[in-house]
Amino acid sequence: GAFALMGAYVTAVLMMTYGWSFWWTIPAAGIFSALASLLTGLPILRLRGVYFAMVSLVLTEVTRLLALALPVTSGAKGITNIPLPGAMSIFGITIVPDFATMENPRIAFYFLSITLMILAFAGMYRLVHSRIGHICMSLQQNEELASSIGVNIANLRLIAFAISSFLGGVSGSVFAAVTQSVYPSSFTTTDSVNFMLNCFLGGLGYVFGPMLGTLTLYFGWNL
């Protein structure tokens with residue numbers, strides 16, 4: 001939740017204050033969140049299990065309080081009236097039309113979300129089946145054994161944390177564009193708990209686990 005909120009504010013500030021195109025704010029939000037995770041990750045990643053989960057919830061609350069206090073985030077008023085994504089052109093060819101000119105921009109956001117989801121899953125699938133992915137899986141099985149053969153556990157944990165934070169920042173960026181507003185309460189500790197439940201319900205050892213967990217939790221709440 002913390003890194004999604006960071007990503008949402010990065011997009012909102014860059015678009016409203018500096019006039020950036022939404023398409024450039026997507027990677028910027030992800031990179032900012034990843035860098036923030038590197039700063040906070042070293043002390044946090046020393047924790048295990050429920051203690052790590054508790055600190056993650058605290059980090060979400062700290063991020064919310066910072067959003068309330070910092071002038072750039074406009075405090076409790078939040079940032080509103082964020083413009084819809086403009087057209088995206090490559091070499092003068094319009095790849096994505098201006099969302100504001102569409103009769104129903106929601107449909108465009110659905111396609112954008114699906115595209116980003118496919119790219120994320122493709123990247124994660126490739127990562128899981130790479131050498132680094134196999135090493136990370138070995139940590140899940142037996143950290144002591146992996147450490148005994150020279151695996152740098154701290155670095156791998158930090159890399160994994162940064163990657164997940166990058167994806168969280170990207171999701172926050174899209175959230176800001178969809179809702180056209182960001183508030184300190186946009187992502188709370190409750191959202192962080194739900195994100196964790198999504199992973200646990202779907203299975204921590206599977207690339208598609210979080211998506212299956214999200215569907216399970218969503219339809220479960222609506223039964």
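**View 1. Arg-64, partly exposed, and its salt bridge to Glu-61.** Arg-64 has a relative accessible area of 22%, and that makes it partly exposed (buried is under 20%, exposed is over 50%, partly exposed is in between, with a 1.4 Å probe and protein chains only). What you're looking at is a predicted model, in which local features need pLDDT of at least 70 and side-chain atom pairs count only at pLDDT 80 or more, while totals for chains, interfaces and linings use all residues. Residue numbers start from 1 along each chain as its sequence is written, and side-chain values use heavy atoms, with hydrogens and water left out. The partner, Glu-61, is partly exposed too, at 29%. The closest N and O atoms of the pair are 2.6 Å apart, which fits the salt bridge cut-off (a side-chain nitrogen of Lys or Arg within 4 Å of a carboxyl oxygen of Asp or Glu). Both residues sit in helix H3 (residues 49-69), and because they are three residues apart there, about one helical turn separates them. The structure holds one salt bridge, so this legend covers it.

**View 2. The whole chain, zoomed out for a moment.** Nine helices and four strands make up the element list; these are DSSP runs numbered from the N terminus, with helices being H or I of at least four residues and strands being E of at least two. In sequence order the pattern reads α-α-α-β-β-β-α-α-α-α-β-α-α. The chain has 223 residues, and 36% of them count as buried. Take the contacts (heavy atoms within 4.5 Å) with a separation of 6 or more: residues 24 or more positions apart account for 68% of them. About 13200 Å² is exposed, with 70% of that supplied by carbon and sulfur atoms; areas come from the Shrake-Rupley method with a 1.4 Å probe, and for residues only the protein chains shown count as cover.

**View 3. The E2-E3 hairpin.** Strand E2 (residues 88-90) runs antiparallel to strand E3 (residues 93-96), the two pairing over three bridges; DSSP has to find at least two bridges for strands to count as paired. One of the bridge partnerships joins Ser-89 to Thr-94 in E3. Two residues lie between the strands, and Phe-91 in that turn has a positive phi of about 55°.

**View 4. Pro-97, on the loop after the hairpin.** Pro-97 belongs to the loop between E3 and H4. With a relative accessible area of 41%, Pro-97 is partly exposed. Leaving out residues up to four places away in sequence, it touches Gly-86, Ala-87 and Met-102. Pro-85 is 12 residues away in sequence, and the C-alpha to C-alpha distance between the two prolines is 8.9 Å.

**View 5. The largest nonpolar core, with 23 residues.** A core here is a set of buried Ala, Val, Leu, Ile, Met, Phe, Trp, Tyr and Cys residues joined through side-chain atoms within 4.5 Å. The residues with the most contacts inside this one are Tyr-9, Phe-22, Trp-23, Ile-79, Ile-82, Phe-99 and Val-182. Helices H1 (2-16), H2 (22-44), H4 (105-128) and H7 each give two or more residues to it, and H1 provides the largest share, seven residues. Beyond its neighbours up to four places away in sequence, Tyr-9 touches Ala-67, Thr-73, Gly-75, Gly-78, Ile-79, Val-182, Tyr-183 and Pro-184. Apart from this core lies another one, of seven residues, including Met-6, Ile-44, Leu-59 and Phe-161.

**View 6. Two buried residues on helix H7, Ser-173 and Ala-162.** Ser-173 lies in H7, which spans residues 153-179, and its relative accessibility is 0%, so it counts as buried. Its contacts beyond four places in sequence are Gly-7, Ala-8, Thr-11, Phe-22, Thr-25, Ile-26 and Ala-29. Ala-162, also in H7, is buried at 14%. Ala-162 touches Ala-34, Ser-37 and Leu-38, again not counting residues up to four places away. Its C-alpha atom is 9.8 Å from that of Leu-39, although 123 residues separate the two along the chain.

**View 7. A nonpolar surface patch shared by H2 and H7.** Ile-31, Leu-35, Leu-38, Phe-166 and Leu-167 make up this patch, with about 400 Å² of accessible area together. Patch residues have over 30% relative accessible area and no salt bridge; nonpolar side chains (Val, Leu, Ile, Met, Phe, Trp, Tyr) are joined within 5 Å, and like charges within 9 Å. H2 contributes the largest share, three residues. Phe-166, from H7, is partly exposed at 31%.
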